[in-house]
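The following exercises ask the reader to reason from coordinates to side-chain interactions. Each task is followed by a solution in steps.

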Amino acid sequence: MDKRSIRKEIIEKRIKMSSEEVNDLSLRICNSILESEEYRNASTILAYMSIRNEVKLDRVIEQALADGKYVYIPKTYGNRRMEFYLYDGEFVSGSFGIKEPKNTEEERCFKKAVIPKEVMQASDEEYPDKKTLIIVPGVAYDSSGHRLGYGGGYYDIYLSDIKGVTSIGVGYSFQLLDDIPVNEFDKSVDKVIAM
C-alpha cells in the first residue's frame, strides 16, 4: 500500500476507537514510557497535545513535571516549521485545531533556552548521553522505527534539525505495521511503544 492509503486506513481505525479504549491504552503506553530507561535518563521531555484519538500523554506530562523535568509542547508555523515551548498549562487553538502553547516568548523556546549551539550541531557520537526525550506522534510505524506521519513533514524536519535527542514513537497496536514506505526525508524514531 502507498502512504496515502495507509494513512486513510489507520486514521479511520483510530477515529472509531471509543474514549474508554483511548484512555485505557494511552495510560498503559504512558506507564511504559515512564518505566523506560529513556524517560529516567531524560531531564527534558518534548511531548505533544493529542487530537483525534491520538495517544494521550497527560500522564507522562504530569509525572515529568512532578519529577522536576522540563516539559515542552510544540507550536507549528508556516513553511513546515515547528518549535517547542515550555509547558505552563496555557494554550490556544493552533492551525490544525491542536492545543498549542500560548506563551511563545523566545526564552521559552526549547532550542533557545536549553540546547547550546554546539550540541544542536553535534552528532549523536559527540553528544551520547541524550538528556532530552521527544515523544513523537504518528500514523504508523514499523519494527525498525520507520515512521509514517500525517504528510506535513513537521516532525521529519524537526528531527533533522536537532541532535543529541532520543525519540520514542507512540501508537496503538494496529499502527505497528510490518513495513511502511519511506523516502530519504522520512526520519525514524529510536524506539516505538505500541499497545
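**Exercise 1. An aromatic pair**

Is Y72 buried or exposed? Classify as well the ring pair that Y72 forms with F110, and locate both residues in the fold.

Solution. The model is a predicted one.

Step 1. Y72 has a relative accessible area of 3%. The limit for a buried residue is under 20%, so Y72 is buried.

Step 2. A search of the whole structure yields six aromatic pairs. One of them joins Y72 and F110, with 5.3 Å from centre to centre and 65 degrees between the planes. Planes over 60 degrees apart count as edge-to-face, and the pair of Y72 and F110 is accordingly edge-to-face.

Step 3. Y72 belongs to strand β2 (residues 70-77) and F110 to helix α5 (residues 110-113), so the pair ties together parts that are 38 residues apart in sequence.

Step 4. F110 is buried too, its relative accessible area being 0%.

**Exercise 2. A tilted pair and its cluster**

Determine the geometry of the pair F84 and Y158, and state which cluster includes these residues.

Solution.

Step 1. The ring centres of F84 and Y158 are 5.0 Å apart, and the planes stand at 55 degrees, so the pair is tilted.

Step 2. F84 is part of strand β3 (residues 81-86), while Y158 is part of helix α7 (residues 154-161); the pair therefore ties together parts that are 74 residues apart in sequence.

Step 3. F84 counts as buried at 0% relative accessibility, and Y158 is buried with a relative accessible area of 2%.

Step 4. One aromatic cluster is formed by F84, Y155 and Y158.

**Exercise 3. Charges over rings**

Which ring lies under the charged end of K69, and which residue lies over the face of Y77?

Solution.

Step 1. The charged end of K69 is placed over the ring of Y39, at 4.6 Å from the ring centre.

Step 2. Over the face of Y77 lies R81, 4.1 Å from the ring centre.

Step 3. R81 also takes part in a salt bridge with E83, at 3.3 Å from N to O. R81 is partly exposed, with a relative accessible area of 40%, whereas E83 counts as buried at 8% relative accessibility.

**Exercise 4. Salt bridges**

How many salt bridges does the structure hold? Describe the bridge between K3 and D186, the bridge between D156 and R147, and the network that includes D88.

Solution.

Step 1. The structure contains nine salt bridges.

Step 2. In the bridge between K3 and D186, the closest N and O atoms are 2.7 Å apart. This pair links distant parts of the chain: K3 is in helix α1 (residues 3-15), D186 is in the loop between β10 (176-177) and β11 (191-194), and the two are 183 residues apart. D186 counts as buried, at 18% relative accessibility.

Step 3. D156 and R147 form a salt bridge whose closest N and O atoms are 3.8 Å apart. Both D156 and R147 are buried.

Step 4. D88, E105 and R108 are joined into one network by salt bridges that share partners.

**Exercise 5. Two local environments**

Where is D156 placed, and what does D156 touch? Carry out the corresponding analysis for R59.

Solution.

Step 1. D156 is located in helix α7 and counts as buried at 12% relative accessibility.

Step 2. Not counting residues up to four places away in sequence, D156 touches R147, F185, D186 and K187. Among these, R147 is the salt-bridge partner of D156, and D186 is the salt-bridge partner of K3.

Step 3. R59 is found in helix α4 (residues 58-66) and is partly exposed, with a relative accessible area of 31%.

Step 4. Neighbours within four places in sequence aside, R59 is in contact with L27, C30, N31 and L34. The C-alpha atoms of R59 and R28 are separated by 9.7 Å, the residues being 31 apart along the chain.

**Exercise 6. The chain as a whole**

What radius of gyration does the chain have, and how does this value relate to that of a compact globule?

Solution.

Step 1. A compact globule of 195 residues would have a radius of gyration near 16 Å, and the chain has 16 Å, which agrees.

Step 2. Along the principal axes, the C-alpha trace spans about 40 × 35 × 35 Å.

Step 3. The chain has seven helices and eleven strands, and buried residues make up 45% of its 195 residues.

Step 4. Of the contacts with a separation of 6 or more, 71% are between residues 24 or more positions apart.

Terms used:
Residues are numbered from 1 along each chain as its sequence is written. This is a predicted model: local features need pLDDT of at least 70, side-chain atom pairs count only at pLDDT 80 or more; totals for chains, interfaces and linings use all residues. Side-chain values use heavy atoms; hydrogens and water are left out. Rings of Phe, Tyr and Trp (its six-membered ring) pair if their centres lie within 6.5 Å; planes under 30 degrees apart count as stacked, over 60 as edge-to-face and the rest as tilted. Helices (H or I, at least four residues) and strands (E, at least two) are DSSP runs, numbered from the N terminus. Buried means under 20% relative accessible area, exposed over 50%, partly exposed in between (1.4 Å probe, protein chains only). A charge sits over a ring if NZ of Lys or CZ of Arg is within 6 Å of the ring centre and within 35 degrees of the ring normal. A salt bridge is a side-chain nitrogen of Lys or Arg within 4 Å of a carboxyl oxygen of Asp or Glu. The radius of gyration is taken over C-alpha atoms; the globule rule is 2.2 Å times the number of residues to the power 0.38. Contact means heavy atoms within 4.5 Å.
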